[in-house]
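I open my notebook on this entry. The plan is to look at the ligand first, then at the strands, then at the odd backbone spots.

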Amino acid sequence: METIIKKIDKMNIDQKTIQEAGEILKKGGLVAFPTETVYGLGANALDEEAARKTYAAKGRPSDNPLIVHICEVDALNRIAVNIPEEVGRLAEKFWPGPLTLILEKSDEVPYGTTGGLDTVAVRMPSDSIARELIRAAGGYVSAPSANTSGRPSPTAAEHVREDLDGKIEMILDGGSVDIGLESTILDMTVTPPMILRPGAITADMMEPVVGHVSIDETLLGRETDKAPKAPGMKYRHYAPKAKLMIVEGNVKEEVLAIRQLCYAAVREGKRVGVIATNETYSYYTNGVVKNIGTRENEKTIARNLYAVLREFDDEEVDEIYSESFALQGIGNAIMNRLEKAAGHLRISAASVVKQQKYRRIIFVSMTDTCRGPMAAEMLRREDLHQEYVIDSRGMVVLFPEPVNQKAEAVMKSAQMTMASHTAVALSEAEMEGDILLLTMDEEQKIKLTEQYGDNGNIYTLKEFTGEETDIPNPYGKPLNVYGECLETLSKLIHKLTEKLNSFTEGGA
Ligand code: TXA
Ligand code: MG
């Protein structure tokens with residue numbers, strides 16, 4: 001079948017296109033259309049055969065019921081019975097909008113549409129194209145998300161085309177959707193009403209209207225034997241090709257942990273991806289980093305989530321690490337979808353960060369022109385299990401001098417270079433926290449502790465590695481003494497690497 005793709009402008013809806021699409025639906029065909037949540041795959045909700053086609057096009061199990069979309073509240077009376085009075089209040093407050101209500105179904109709704117259930121899911125979308133289409137189709141349009149079963153819901157017409165081209169009659173391309181996550185589903189057949197799927201309309205928003213609202217406990221992602229109440233929520237839904245893991249903690253810890261996890265994965269030869277935010281993405285240096293939106297407005301994150309997950313399927317990555325979001329407002333829905341995509345794989349950021357005794361290593365010498373920069377360059381070339389920022393600094397640096405020429409010569413003969421280094425003075429701001437300061441000799445260590453106090457993070461390199469040999473100061477001596485210095489440093493740096501790696505033993 002050839003799928004007709006028609007652009008349609010929300011602000012200036014072409015009636016001919018709507019009528020054409022409406023006719024297709026009336027005749028039992030399938031039309032994908034935009035809603036404010038995600039794109040839907042429309043069919044006539046009162047036609048059993050059209051429901052069968054819907055399942056076939058999506059490759060979706062037929063026990064997974066469809067949502068019936070209406071365009072006016074009165075339409076409810078034909079498809080639902082024993083409607084609780086709260087429904088009127090909810091409809092008044094939240095319809096049209098991203099709220100689906102589960103009600104007892106009438107005989108008019110075929111079991112094909114409800115997946116064999118005696119209840120029916122109903123929603124009135126707010127998107128103007130969606131509403132005009134529903135009207136043109138006769139008022140009752142079933143619409144699951146317009147993706148192939150197992151892929152993220154489509155938030156742009158292009159996603160629908162990727163999944164359903166050649167399988168459906170028409171796609172109405174109304175541009176990108178507004179919300180980006182599927183509607184909230186509220187079961188009105190139980191007391192108190194129960195959220196079966198979190199979405200943009202939250203419990204906090206509904207409670208003033210209907211009183212206490214409960215939440216399907218299986219959604220909380222904790223281990224439970226029970227099946228979710230909305231049949232569709234039991235499916236893994238969407239599993240990215242790469243292994244997706246959610247890193248949980250405060251934002252700072254998450255960034256540090258993800259940096260380390262990526263570093264460790266890349267070291268093992270894996271390709272990594274990161275789901276980051278506007279506030280954090282510049283802190284990541286490894287892998288394919290996607291900025292999913294700003295933490296200041298989580299709606300932006302909801303809107304981009306599915307597109308980012310789709311993009312990652314086109315990237316050759318083995319693992320994806322995602323930051324996590326607060327379980328507040330739309331954050332509940334974001335985390336629900338992310339956790340499903342991750343198959344509930346979570347990593348505690350704190351447990352990763354806890355293993356990082358130091359994050360930065362500074363080699364301190366007098367002038368930062370010889371032994372310090374040599375040691376720093378050597379350590380950078382070691383196979384460290386943890387990512388460290390490695391620098392050298394001088395205690396007496398008057399101007400940014402280049403390194404000593406003989407030191408550079410012996411480094412060059414060992415296939416290393418310090419050509420880009422110029423001397424930098426140690427500053428007090430650098431003395432803080434998770435920094436390890438390693439001096440070249442005892443005298444420098446004493447001076448440092450006298451000047452800055454002893455925080456237990458200042459050692460001579462010899463002392464920290466538990467070695468006996470002093471590091472000769474070759475300054476003013478012939479080239480061979482520089483060579484001896486390089487050899488001694490090289491041994492100590494290997495020892496240092498072993499010691500640093502022992503901190504992350506068995507870790508990430
Ligand atoms: O935002 C949305 O709701 C989108 C747009 C297109 O409107 N539609 C959507 O449909 O997400 P779908 O089919 O992808 O998801 C419908 C969910 C499934 O999890 C299904 O199991 C649940 O609604 N559902 C439908 N009828 C139900 C019923 N009678 N009882 C319990 N759950 C039901
Ligand atoms: Mg869906």
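**Ligand shell**

I call a residue near the ligand if one of its heavy atoms lies within 4 Å of it. I also note at the outset that this is a predicted model.

Which residues come nearest to ligand 1? I looked that up before anything else. Of the 29 residues around ligand 1, Thr-37, Arg-60, His-69, Ser-183 and Gly-232 come nearest.

Next I sorted the shell by residue class. The residues around ligand 1 comprise 16 nonpolar, 8 polar and 5 charged ones.

Then I turned to polar atoms. The side chain of Asn-64 has an N or O atom 2.9 Å from an oxygen atom of ligand 1. Ser-145 places a polar side-chain atom 2.9 Å from an oxygen atom of ligand 1. For Pro-231 the backbone is what counts: one of its N or O atoms is 3.4 Å from an oxygen atom of ligand 1.

I checked how covered the ligand is. Ligand 1 exposes 680 Å² when taken alone, and the protein buries 97% of that.

Which elements give two or more residues to the shell around ligand 1? I find β4 (67–69), β7 (119–123) and β11 (194–197). The largest share is that of β7, with 4 residues.

**Strands β18 and β19**

I moved on to strand β18, residues 360–365, and its pairing with β19. The two pair in the parallel sense over 6 bridges. Arg-360 has Val-389 as its bridge partner in β19. I traced the connection as well. From β18 the chain passes through helix α13 (residues 371–380) to β19, and this β-α-β crossover is right-handed.

Is β19 buried or exposed? I counted 5 of its 6 residues (389–394) as buried, so the strand is largely enclosed by the rest of the structure.

**Strands β20 and β21**

Arg-360 turned up again here. In β20 its bridge partner is Ile-435. The pairing of β18 with β20 is parallel and runs over 5 bridges.

I then went through β20 by side-chain direction. Ile-435, Leu-437 and Thr-439 point one way, while Leu-436 and Leu-438 point the other way. All are buried. With 5 of its 5 residues buried, β20 is largely enclosed by the rest of the structure.

What does β20 pair with over 3 bridges? I find strand β21 (residues 458–460), again in the parallel sense. Leu-438 stands opposite Tyr-459 in β21. The route from β20 to β21 goes through helix α15 (residues 442–452), and this β-α-β crossover is right-handed.

**Glu-432**

I stopped at the loop between α14 (405–413) and β20 (435–439), where Glu-432 is found. Its relative accessible area is 58%, and the cut-off for exposed is over 50%, so I log Glu-432 as exposed. I also took one long distance. The C-alpha atoms of Glu-432 and Ala-200 are separated by 43 Å, and these residues are 232 apart along the chain.

**Backbone oddities**

I kept this background in mind: most residues other than glycine have a negative phi, and most peptide bonds are trans.

Which peptide bonds are cis? One joins Trp-95 to Pro-96, with omega near -5°. Pro-96 is in the loop between α4 (86–94) and β6 (99–105). Another cis peptide bond joins Thr-191 and Pro-192, with omega about -10°. I place Pro-192 in the loop between β10 (184–187) and β11.

I then listed positive phi values. Asn-82 is not a glycine, but has a positive phi of about 50°. It lies in the loop between β5 (80–81) and α4. Asp-368, also a residue other than glycine, has a positive phi near 55°. I find Asp-368 in the loop between β18 and α13.

Are these two buried or exposed? Asn-82 has 60% relative accessibility and so counts as exposed. Asp-368 has a relative accessible area of 0%, and the cut-off for buried is under 20%, so I log Asp-368 as buried.

Terms used:
Residues are numbered from 1 along each chain as its sequence is written. Chains are lettered from A and ligands numbered from 1 in the order in which they are written. This is a predicted model: local features need pLDDT of at least 70, side-chain atom pairs count only at pLDDT 80 or more; totals for chains, interfaces and linings use all residues. Side-chain values use heavy atoms; hydrogens and water are left out. Buried means under 20% relative accessible area, exposed over 50%, partly exposed in between (1.4 Å probe, protein chains only). Two strands pair if DSSP finds at least two bridges between them. A crossover is right-handed if, with the strands pointing away from the viewer, the path from the first strand over the helix to the second runs clockwise. A polar contact is a pair of N or O atoms within 3.5 Å; within protein, one must be able to donate a hydrogen and the other to accept it, and residues adjacent in sequence count only if both atoms are side-chain atoms. Accessible areas come from the Shrake-Rupley method with a 1.4 Å probe; for residues, only the protein chains shown count as cover. Ala, Val, Leu, Ile, Met, Phe, Trp, Tyr, Cys and Pro count as nonpolar, Asp, Glu, Lys and Arg as charged, and the others, Gly among them, as polar.
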